[in-house]
Amino acid sequence: MRRLPGVLIVEDEPAIAELISVNLRHSGFRPIWAMDGATAQAELDAVLPDVILLDWMLPGESGLTLAKRWRAHPRTKAVPIIMLTARGDEIDRVAGLDAGADDYIAKPFSTKEMVARIRAVLRRRAPEMEEAVVTMGRLSLDAATYRVAFEDQPVKLGPTEFKLLHYLMTHAERVHSRSQLLDQVWGDHVFIEERTVDVHVKRLREALGDQASAMIETVRGAGYRITTQTQGMNETSAAA
Ligand code: CA
């Protein structure tokens, strides 16, 4: 059921891009190749990957310039970036990390090492993937067995509602906009309307029942959050 993590490879040399793609596919990733910054930007505008593998030396804008821009942009700032480069100098390594890269791989590199670095970056950025069982008050979700329970009673959810609840529970108490939820839960920003989020939140609340659904709040003009602090006024039942 789990979505394969997407890796955007920004690399102008087709042979290297192909080698990386083949190895990523074998290791359970979904590679996407962009040969330059403009193509990579178009990919990022459409679908956010889980990791970006970014070559330093590219035609047009350099990897360093791209890393700085993506790190500064709200849509892409949380996507881990691993820089690839033929330059192994310490000063370049520092420049890459200063530009916001999460890690750095010097060419030539072993594909085994590359996969290990990608996994390490994903673990650091998404610790919720490691923790199978998440609990909030009387609500618990087990990502390994796809089970959700409230007060030990099983709750039946569709796959999208499950992913939505999983994301909310692993990022609890914070408000998430509809577009952030589309990015994080659906993984695609362009082809789905934001109203889709409302439809699935409504289904999720219905499946959870009165008590548990009160934990999922609509924050007017901002989005949704899950919280254990449901006392007092909230807009849960009013909107959506
Ligand atoms: Ca290159």
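Is Arg 117 buried, partly exposed or exposed? With a relative accessible area of 24%, Arg 117 is partly exposed, because the partly exposed class runs between the 20% mark for buried and the 50% mark for exposed. Keep in mind as you look around that this is a predicted model.

Let us stay with Arg 117 for a moment and look at its partner. Arg 117 forms a salt bridge with Asp 103, and their closest N and O atoms are 3.1 Å apart. Asp 103 sits in strand β5 while Arg 117 belongs to helix α5, so this pair ties together parts that are 14 residues apart in sequence. The two partners fall into separate classes: Asp 103 is buried, at a relative accessible area of 15%, whereas Arg 117 is partly exposed.

Why might such partners meet at all? Side chains of opposite charge can pair when their charged atoms come close. In this structure there are 11 salt bridges, so let us visit some others.

Glu 61 and Arg 69 are joined by a salt bridge with an N to O distance of 2.3 Å. Here both partners share a class: Glu 61 is partly exposed at 36% relative accessibility, and Arg 69 is partly exposed at 32%.

Now turn to Asp 55, which pairs with Lys 107 in a salt bridge whose closest N and O atoms are 3.1 Å apart. This pair links distant parts of the chain, 52 residues apart. Asp 55 is in strand β3, which covers residues 51-55, and Lys 107 is in the loop between β5 (103-106) and α5 (111-125). Both Asp 55 and Lys 107 are buried. They also have company, since Glu 11 joins Asp 55 and Lys 107 in a network of salt bridges.

Asp 55 has another role to follow, at the calcium ion. Which protein donors does the calcium ion have? They are Asp 12 (OD), Asp 55 (OD) and Met 57 (O), and they lie 2.1 to 2.4 Å from the ion. Along the chain, these donors follow the spacing D-x42-D-x1-M. Among them, Asp 12 and Met 57 link distant parts of the chain, 45 residues apart. You can find Asp 12 in the loop between β1 (6-10) and α1 (14-26), and Met 57 in the loop between β3 and α3 (63-72).

Finally, compare how two of these donors sit. Asp 12 is partly exposed, with a relative accessible area of 26%, whereas Asp 55 is buried. Asp 55 is thus a good place to end the tour: this residue takes part in the salt-bridge network and is also a donor of the calcium ion.

Conventions: Residues are numbered from 1 along each chain as its sequence is written. This is a predicted model: local features need pLDDT of at least 70, side-chain atom pairs count only at pLDDT 80 or more; totals for chains, interfaces and linings use all residues. Side-chain values use heavy atoms; hydrogens and water are left out. A salt bridge is a side-chain nitrogen of Lys or Arg within 4 Å of a carboxyl oxygen of Asp or Glu. Helices (H or I, at least four residues) and strands (E, at least two) are DSSP runs, numbered from the N terminus. Buried means under 20% relative accessible area, exposed over 50%, partly exposed in between (1.4 Å probe, protein chains only). Donors are N, O and S atoms within 2.8 Å of the metal (3.2 Å for Na, K and Ca); water is not among the atoms, so sites may look incomplete.
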